[in-house]
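Biologist: Hi! Could you show me the model, so we can chat about its salt bridges?

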Amino acid sequence: MREWSTRWHKGAEQLERNEKTLAKEVAREAARKAGALAKERFGSTMNAVHKDERGDLVTEVDIQADRLIVDEILAAFPSHRIYSEEAGEGGVASDWVWHVDPLDGTNNFALGIPLYGVSISLSYQGLIVLGVVHDSVMGLSYVASHKEGAWQEGIQLEAKPQGALAKSTISWIQGHGVGKNDATALGLRHHLEHSLKRVLRMWAPSLTWAMLARGDLHGIVLYNSEGEDLYAGMLLAQEAGVKVTDFSGHPISLLGGGGSAHCEPAEGIHVGEGRYVVAAVEEYHEELLKIVQAGIRGA
């Protein structure tokens with residue numbers, strides 16, 4: 001355990017010394033450019049096709065923005081691995097892995113709903129160390145670094161929602177693979193809508209996490225979700241003071257991670273975590289968790 005922890009911290013220190021500032025600049029600038037491209041094309045005539053049998057859309061802007069981001073990252077970090085929403089895996093085998101969603105909220109974008117963004121994260125040996133979320137319509141960038149806080153255009157974020165949870169708004173995020181006949185999902189969502197004032201569904205997960213980090217939402221319940229739009233937003237919320245656990249209440253920081261089965265992973269969010277999540281600041285987390293657990297039991 002000590003050997004793995006030492007290796008992880010040495011790797012993190014290496015990034016901090018020479019590459020962390022560059023990684024932030026590259027990710028933030030690539031996200032800004034991709035967001036500007038999407039905003040410029042928003043509302044215009046474009047090709048949109050169904051990505052799979054579930055009906056998820058992909059447009060030519062998704063593909064163009066994806067290529068833009070991938071090219072910018074690999075130009076700066078040719079020795080890194082990269083996984084993007086549209087292009088798949090690229091780069092070389094590496095402990096450093098980027099995850100890119102160039103147009104988070106494609107369905108909103110294609111339908112003319114001005115709610116879409118960009119999500120870029122960087123991990124080292126499975127631990128997410130950097131997250132950038134860009135609100136393409138508002139032109140706002142959010143940046144989070146592991147154990148260094150969450151920031152919106154130079155202003156540090158601290159989630160501090162106010163008021164009773166029962167009278168609040170939370171958000172529901174579910175994975176693309178959740179079917180319409182998933183009884184647990186249907187029962188849980190109905191229970192949340194009955195127990196709380198409003199359950200928001202934005203179809204743009206990264207922007208939803210940004211709202212939670214700002215304190216605009218009281219919580220997020222995420223059901224069987226996955227993908228490149230997840231990690232940057234989760235890190236952003238966690239660094240803003242949000243408690244992130246699974247449905248049993250186990251902190252995400254204690255799940256999975258790198259190293260061997262006998263090594264304790266470095267504390268933080270790891271790639272592959274977060275398929276079933278309850279996220280809220282400490283003041284509201286236990287209450288929201290109990291509502292979720294009751295909803296699952298009754299489903």
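**Salt bridges**

Modeller: Happy to. One pair to begin with, in what is a predicted model: arginine 81 and glutamate 89 form a salt bridge, with their closest N and O atoms 3.4 Å apart.

Biologist: Is arginine 81 buried or exposed?

Modeller: Neither label fits: arginine 81 has a relative accessible area of 24%, so it counts as partly exposed. Its partner glutamate 89 is at 58%, which makes that residue exposed.

Biologist: Okay, now to helix H2. Which residue does aspartate 71 meet in a salt bridge?

Modeller: Arginine 67, with an N to O distance of 2.9 Å between the side chains.

Biologist: And how far apart are those two along helix H2?

Modeller: Four residues. Helix H2 covers residues 60-76, and that spacing in it is about one helical turn, so aspartate 71 and arginine 67 are about a turn apart.

Biologist: What about the accessibility of that pair?

Modeller: Aspartate 71 is partly exposed at 40% relative accessibility, and arginine 67 is partly exposed too, at 41%.

Biologist: Changing topic: which residue pairs with glutamate 286?

Modeller: That would be lysine 290, in a salt bridge with the closest N and O atoms 3.4 Å apart. Both residues sit in helix H7, residues 282-298, four residues apart or about one turn. Glutamate 286 and lysine 290 are both exposed.

Biologist: Which residues are joined into a network by shared partners?

Modeller: Lys20, Lys24 and Glu148 are linked into one network that way.

Biologist: Last one: how many salt bridges does the count come to?

Modeller: Eleven, counting a Lys or Arg side-chain nitrogen within 4 Å of an Asp or Glu carboxyl oxygen.

Notes
Residues are numbered from 1 along each chain as its sequence is written. This is a predicted model: local features need pLDDT of at least 70, side-chain atom pairs count only at pLDDT 80 or more; totals for chains, interfaces and linings use all residues. Side-chain values use heavy atoms; hydrogens and water are left out. Buried means under 20% relative accessible area, exposed over 50%, partly exposed in between (1.4 Å probe, protein chains only).
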